[in-house]
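Reader: I am new to this structure. Could you walk me through it and explain the words you use along the way?

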Amino acid sequence: MLRAVPGFAELEPAVLEELAALCTVRPITRSTRLITQGNRADSLYLVISGRFRVSTDTKTIAYIGTGEPIGELAFFAGGPRTADVTAMRNSVVLECTRAQYDQMVSLHPGISSRILASVAARLAAVTQKAAPLPPQAGMITVIVGANDAPLSEAFITGLRKALAGHADVVLHGADDLPSGGRQAAPGDWLRQIEQEGKRQILLIEDAGAQPDWAAMAPRFADSMFVVAPPGAAHPSRPESVEIRDSDPRTDTMPQLVITRTSAREPITDSATWLNGRKVSLHHHLALDRAADFARLARYICDSARGLVLAGGGAFGTAHLGAVKALKEAGIEIDAFGGTSVGAAMAAALAMELDPDEIMRRTSRMFVSQKAMRKLTAPLFSVLDHRVFDTVLQENFGTGLIEDLPLNFFAATTSLSRNRLDILRRGPVWQAVRASASVPALLPPVISPEGEVYVDGGLIDNLPLSEMRQFKAGPNIAFDFDIGSNWRVEANYDALPRPMGALAGLVLGKTARPPAVRRFPRIGSVLARSMAMNSRRRIAGLDLGADVLIALPLKPGTSFLNWSDGQAHFDLAYQRMSEALGETVDMEHDPMARIRAAGAALGRRRPER
């Protein structure tokens, strides 16, 4: 049995005999917890007989049976226990304490290296399945002008003020960078300042006047921000220092900062800056707006805040109420993403529209203009898409995602490639339409390349993982509190035949008997199915620094009842405002405030 323990298999029989003699046989009765999560790993166990359940927060993650080891990774690595282990029936284990193991190692020193090699191999296998990490700016960042253009005085001044609020950052301008005979050689100087443990920002104020630094700094940097000056020509190809740090193999794709003189200037033609450039993100910055510099500073310091919005039809107005409360609390959001109606609300927020204005437009679209009420012959869809498409174009215009003031993405399902696609380029309204193509209700969107797009909620109704790959920094995810015990008092046998169903559509609720009126309709079933899908995905995700909040909804409403949109907005705004009002003492830490507010909302679940 000891041979079954990773690292013991290669030991000589005599050594295994000694180890077996040192260990202790322990009977474990049914339901007894052998290991408690968070405790010190003082013993290693081997199951002689019986069966054990491994769990975290009541969720089963593994079963362990006869001949298998228990707790070997934490024991050998010296860390705390990562899960609870409970006997499922009367069992017997062989226990090896830390003292017994140390005694064996003192007699046979070669044991330690063999066991560590085995543990390393197991950890390597786990690493192969690990989720990818988000992009990070890192500890050394270079900021340089696009095509070696000098940085403007307004940009340098604004960035200095914004970075002054980050205690862990040191900004080095032209006067701070060593040159000629000053101090150490540039490479030695960079290695020296890195030892300080703070983020080092190298500001190449004029690449033409600092050619040595412009050429050398990117090779020592973890990341680079390229600044396009206002009013400059839009070259289709980057030149000089920009292309030397653009290497996806090293995860050092630059971020592009497109500046303009005033916030009043419209943002246009961003695509020509992006075409031909390999960049991970691009940002728009008005030189006269401090908030834009503060946002850029958060991206530079890996602390940009993202907001992810779930799909859910008319429930999406709750997103707006919650965001209004965040804005009134002074909590800024730097990037937006979402699925279906969440993508629509995220796009409008990325346009920097006021939540109340977005709410007014939403009511006009779906209540006054009845964008989701006009039926058609159900060959391609139940609803006539032309009405929906028209109001989307009226509200989002012909603008491109590239020209939005804030970063945005829409999640959509590609039926062509059986995967979730993230849309970050092209017309805003088309991205929203593709993300919100609810199957059966609306026809799919066909891209110019022939890609078939339907609602992103089929795969991920709350694309938090995609936001994590989009940028570094903490994220907020808004889902909906739809309850967990959905029951309907309806008579399945009373469902009408085709002509009766058609009459119900034409004449409305009055033509349907009460038992049929309560029967779940297509929209409600789809909405709840997508919500369940997102919850299953989120349940298996380690939130880490991110915050998941289930927004309250007006009880007894449905996915397509847009008449209740204002009620959802008002309730979410009220509850979020109250929850944030209890966290004013955390103003120095916005994410801690949001986390506490989310916990307060969770304790006040509305009755269903």
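Reader: What makes helix α12 mostly covered?

Author: Helix α12 spans residues 341–350, and ten of its ten residues are buried. Buried means under 20% relative accessible area, with exposed over 50% and partly exposed in between, using a 1.4 Å probe and protein chains only. Ten of ten meet that cut-off, so the helix counts as mostly covered. Among the buried residues are Val341, Met345 and Leu349. Before going on, a word on the source: this is a predicted model, where local features need pLDDT of at least 70 and side-chain atom pairs count only at pLDDT 80 or more, while totals for chains, interfaces and linings use all residues. Residues are numbered from 1 along each chain as its sequence is written, and side-chain values use heavy atoms, leaving out hydrogens and water.

Reader: Why is α12 called a helix, and what comes just after it?

Author: Helices are DSSP runs of H or I with at least four residues, strands are runs of E with at least two, and both are numbered from the N terminus. α12 covers residues 341–350, so it passes the four-residue minimum. Just after α12, Glu352 takes a positive phi of about 65 degrees.

Reader: How do you know that there is a cavity, and which helices line the largest one?

Author: On a 1 Å grid over the protein atoms alone, a cavity is a set of points where a 1.4 Å probe fits but cannot get out, and lining residues have an atom within 4 Å of a point. By this rule there are four cavities of 30 Å³ or more. The largest holds about 270 Å³, a volume being the space filled by probe spheres set on the points, which are joined across faces, edges and corners. Its lining has 24 residues, with Val341, Ala344, Met365, Phe366 and Leu392 nearest the centre. α12, α13 (355–368) and α14 (385–396) each supply at least two lining residues, and α13 gives the largest share, five.

Reader: What makes β9 and β12 a pair?

Author: Two strands pair if DSSP finds at least two bridges between them. Five bridges join β9 (residues 140–145) to β12 (residues 223–228), so they count as paired. One of the bridge partners in β12 is Ser223, which faces Thr141 in this pairing. Both strands belong to an open sheet of six, in the order β10-β11-β9-β12-β13-β14, with parallel pairing.

Reader: Why are β10 and β14 called edge strands?

Author: β10 (169–172) and β14 (281–286) each pair on one side only.

Notes:
On a 1 Å grid over the protein atoms alone, a cavity is a set of points where a 1.4 Å probe fits but cannot get out, and a pocket is an open set with protein on both sides within 12 Å along at least five of seven lines; lining residues have an atom within 4 Å of a point.
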